[in-house]
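Reader: I would like a close look at a single part of this model, the surroundings of the ligand, and afterwards a word on the cysteines.

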Amino acid sequence: MDNKGKKVVKKGTQSVWAGEKDYLVHGATQVPVVHSVSFGYNDIDDWFEVAIGNKPGHIYGRNTNPTVQAFEDKVKELEGAEAVTSFSTGMAAISNSLATALTPGDRVVSIKDTYGGTNKIFSEFLPKLNIDVTLCETGNHEEMEKEVRKGCKILYLETPTNPTVKITDIERMVKVAREVGALVYVDNTFATPILQNPLEYGVDLVIHSATKFLGGHADALGGVAVSNNKEFIEQIYHYREINGASLDPMAAYLLLRGMKTLQLRVKQQCESALKIANYLKNHEKVEAVFYPGLEDHPNHDIAKKQMRDYGGMLSFSVKGELDSVRSFLPKLKYANKAANLGAVETTVGPARTTSHIENTPEERAALGIPEGLVRYSVGIENVEDLIEDLDQALSYIK
Ligand SMILES: *Cc1c(COP(=O)(O)O)cnc(C)c1O
């Protein structure tokens, strides 16, 4: 049951069925890709009523589209949200959602370990608009509480983080944000709605790069934001429709199709990631392994409390830094060496070329990202093969 007493089916069932039935036509069992840019009306009054939002319907593809709405509705149900809107990319979701709520003179508190692009918004773009940004040490909850209590408009979180998979206590942060009336945003890309639903803790806005786990097949870009505050989502939607960062119907279809296997994929990825993390931990060439499912991970207890499992992302550093990465990474047979994550294929890359390419070596050092850090996004291959593959590749490190 949800908070309104409505029966809610489990996540795997939602992944398959949620959001689709309103968009089926001609007895089709699958949602069509509606490529039409505009939607026509013979009745002038009907047209007007739809245009001003008094009647359901579509006007123009930059505003709404049926395929895009089916995708939105599926994410909304999976996150247990009241309202949703979508974007052309994850970064569009983040930038549009920040721009909607912020005005010059406002203050944002966040963490140092946000996604590289998000970090650039904080360090480069917001200060230009006279918006003050304070970035705290990720995982230092006392520092974050202190900064939030000084007053801020938005507390922006991402948990787990990219690429060192640090965890922030969402419940604790919502509590302190409430004291000062700040909005709380959470980038839930790494956890997916299968493992974590931040709205349950009173978070105001949950954002996903749908490009990653939601789509899961590395073939479509997209972003999405959900909230229990309908009015807030309407404001964000309005900013996006005018700003023009709308999701393409074909991308929406690919994301919708990918999401049908979301629970299956994430389950497999979590199971394999833990095995791989344990394997790497005991490898003589490996210096450190970052995975919240490991009991010696500094935030393991918080992860255990707010997540249903620990996710498909891990990272590790090898002895010998970048030279060692150069010698072993190309030897991996079952991994795309690419700047992506959350796909059915295992995907690897050094943080310096993927998540944090926008940063200088000095900035990366300050963020606690060793130059020899490898991000490993576990795919849905058989884990025995992935471990064997890592084993043969790591043997090339001298
Ligand atoms: C990839 C990513 C983004 C940005 O998403 P795009 O779809 O590439 O714009 C934002 N946050 C996290 C955590 C990501 O991994």
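Which helix gives the most residues to the shell around the ligand?

Author: In this predicted model, helix α4, which spans residues 90-101, gives the most to the shell around the ligand, contributing 3 residues. The shell as a whole is made up of 15 residues, and the closest include G90, M91 and D187, along with T211 and K212. Sorted by character, the residues of this shell are 5 nonpolar, 7 polar and 3 charged.

Three side chains deserve a careful look for their polar atoms. In D187, a polar side-chain atom lies 2.7 Å from a nitrogen atom of the ligand, while in T211 a polar side-chain atom lies 2.7 Å from an oxygen atom of the ligand. K212 also takes part, with an N or O atom of its side chain 2.8 Å from an oxygen atom of the ligand. Of the 380 Å² of accessible area that the ligand has on its own, the protein covers 93%.

As for the cysteines, the count of disulfides comes to 0. The sulfur of C136 has its closest cysteine sulfur in C152, at 9.2 Å, and because a disulfide needs the two sulfur atoms within 2.5 Å, this is too far for a bond. C152 is likewise in no disulfide, the nearest cysteine sulfur being that of C136. As to their setting, C136 is buried, with a relative accessible area of 0%, and C152 is buried with a relative accessible area of 11%.

Terms used:
Residues are numbered from 1 along each chain as its sequence is written. This is a predicted model: local features need pLDDT of at least 70, side-chain atom pairs count only at pLDDT 80 or more; totals for chains, interfaces and linings use all residues. Side-chain values use heavy atoms; hydrogens and water are left out. Buried means under 20% relative accessible area, exposed over 50%, partly exposed in between (1.4 Å probe, protein chains only). A residue is near a molecule or strand if one of its heavy atoms lies within 4 Å of it. A polar contact is a pair of N or O atoms within 3.5 Å; within protein, one must be able to donate a hydrogen and the other to accept it, and residues adjacent in sequence count only if both atoms are side-chain atoms. Accessible areas come from the Shrake-Rupley method with a 1.4 Å probe; for residues, only the protein chains shown count as cover. Helices (H or I, at least four residues) and strands (E, at least two) are DSSP runs, numbered from the N terminus. Ala, Val, Leu, Ile, Met, Phe, Trp, Tyr, Cys and Pro count as nonpolar, Asp, Glu, Lys and Arg as charged, and the others, Gly among them, as polar.
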